[in-house]
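User: Got a minute to go through this one with me? I'd like a quick tour.

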Amino acid sequence: MNVPVSLQPYLNQLSQYNDSGSQQSVLPYGDEDLFANLLQEKIANGQRVITSEEIIAELDGSPDHDFSSGAFGRNTTTSESYAADGKAAAIAPKEILEKIDRMARRVGVNADLVREVVRAESNFDPTVVSHAGAKGLMQLMDQTAKAMHVRNVYNPDENLAGGTKYLKSLLDRYDGNVKVALAAYNAGPGRVGRLGIDTDAELEAKYDQLPQETQRYVEKIMNRLQSNGTTY
């Protein structure tokens, strides 16, 4: 049963001001319908909605909200701790794999694909930084992290959320052509676009025009997926 609920009190909490002083929504993807649906679902199930941040956490894949402290972000009851530079302490590989599986299901991307991207990007080390400045498990550049609403790139949950959503956007952009999406993840969509590559067949025909690093990247991930019996 749908319970009539006004979203305005929540939307007021979820607005922020840009540099020009006008209000902006901070809802993930700007989708207020998703927010409304989740709010209705909680109320229909008899759950008490604590704050708007709880809804945002569920929609954008952010770490759990700690209701006891009122802090938004990492759940402070977990074993994870962060240094002054934002980097997390060592996390067991099994725990990272579990986070990958949960995030892949939430975003709607094959978990094996996300796992192999993480392996290729960081070898499951959430603190790694590349020479180009890419950071964390899925090696997010600062611009990408900002676009994906990632506040702490060293937080495994936030990094996985941002990286998986970005990978999903590339898979959607290239109509599920996995090799092209991987090439764009590594070399950037602009470089792939300038070569006129939109499909895996076009990528294979122009493979030698891609950077060698990107060629090795795509081959490594695809070979691991195929050896694991993953199909698309």
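User: First up, what share of the residues in the chain is buried?
Analyst: Buried residues account for 45% of the 232 in the chain. Keep in mind that this is a predicted model.

User: And how much surface does the chain expose?
Analyst: About 12500 Å². Carbon and sulfur atoms supply 46% of that area.

User: How many helices and strands are there?
Analyst: The chain has 11 helices and 2 strands.

User: In what order do the elements run from the N terminus?
Analyst: The order is α-β-β-α-α-α-α-α-α-α-α-α-α.

User: What about contacts between residues far along the sequence? What percentage join residues at least 24 apart?
Analyst: 45%, counted among contacts between residues at least 6 apart in sequence.

User: Switching to helix packing. At what angle do H4 and H7 cross?
Analyst: Roughly 40 degrees. H4 covers residues 93-107 and H7 covers 156-173, and their axes come within 10 Å. That angle makes H4 oblique to H7.

User: Is that crossing left-handed or right-handed?
Analyst: H4 passes H7 in a right-handed crossing.

User: Which residues meet there?
Analyst: From H4, Lys 99, Ile 100, Met 103, Ala 104 and Val 107. From H7, Pro 156, Asp 157, Leu 160, Ala 161, Thr 164, Lys 165 and Lys 168. By class, the contact of H4 with H7 has 7 nonpolar, 1 polar and 4 charged residues.

User: Now H5 and H8. How far apart are their axes?
Analyst: 13 Å, with a packing angle of about 35 degrees. H5 spans residues 111-122 and H8 spans 178-187. The crossing of H5 and H8 is right-handed.

User: Which side chains should I look up for that pair? I mean, which residues of H5 and H8 meet?
Analyst: Leu 113, Val 117 and Glu 121 in H5 meet Val 178, Leu 182 and Tyr 185 in H8. The contact of H5 with H8 counts 5 nonpolar residues, 1 charged and no polar ones.

User: Backbone next. What is phi for Asn 123?
Analyst: Positive, about 55 degrees, although Asn 123 is not a glycine. Asn 123 is in the loop between H5 and H6.

User: Is Asn 123 buried or exposed?
Analyst: Asn 123 counts as exposed because its relative accessibility is 56%, and the cut-off is over 50%.

User: And His 149, where is that?
Analyst: His 149 is in the loop between H6 and H7. Its phi is also positive, near 60 degrees. At 45% relative accessibility, His 149 counts as partly exposed.

Notes. Residues are numbered from 1 along each chain as its sequence is written. This is a predicted model: local features need pLDDT of at least 70, side-chain atom pairs count only at pLDDT 80 or more; totals for chains, interfaces and linings use all residues. Side-chain values use heavy atoms; hydrogens and water are left out. Axes are lines fitted to C-alpha atoms, for helices over the stretch in contact, and angles run from 0 to 180 degrees between N-to-C directions. Helices (H or I, at least four residues) and strands (E, at least two) are DSSP runs, numbered from the N terminus. A crossing is left-handed if the near helix is turned anticlockwise from the far one by less than a right angle, and right-handed if clockwise. Contact means heavy atoms within 4.5 Å. Ala, Val, Leu, Ile, Met, Phe, Trp, Tyr, Cys and Pro count as nonpolar, Asp, Glu, Lys and Arg as charged, and the others, Gly among them, as polar. Buried means under 20% relative accessible area, exposed over 50%, partly exposed in between (1.4 Å probe, protein chains only). Accessible areas come from the Shrake-Rupley method with a 1.4 Å probe; for residues, only the protein chains shown count as cover. Angles under 35 degrees count as roughly parallel, over 145 as roughly antiparallel, 65 to 115 as roughly perpendicular and the rest as oblique.
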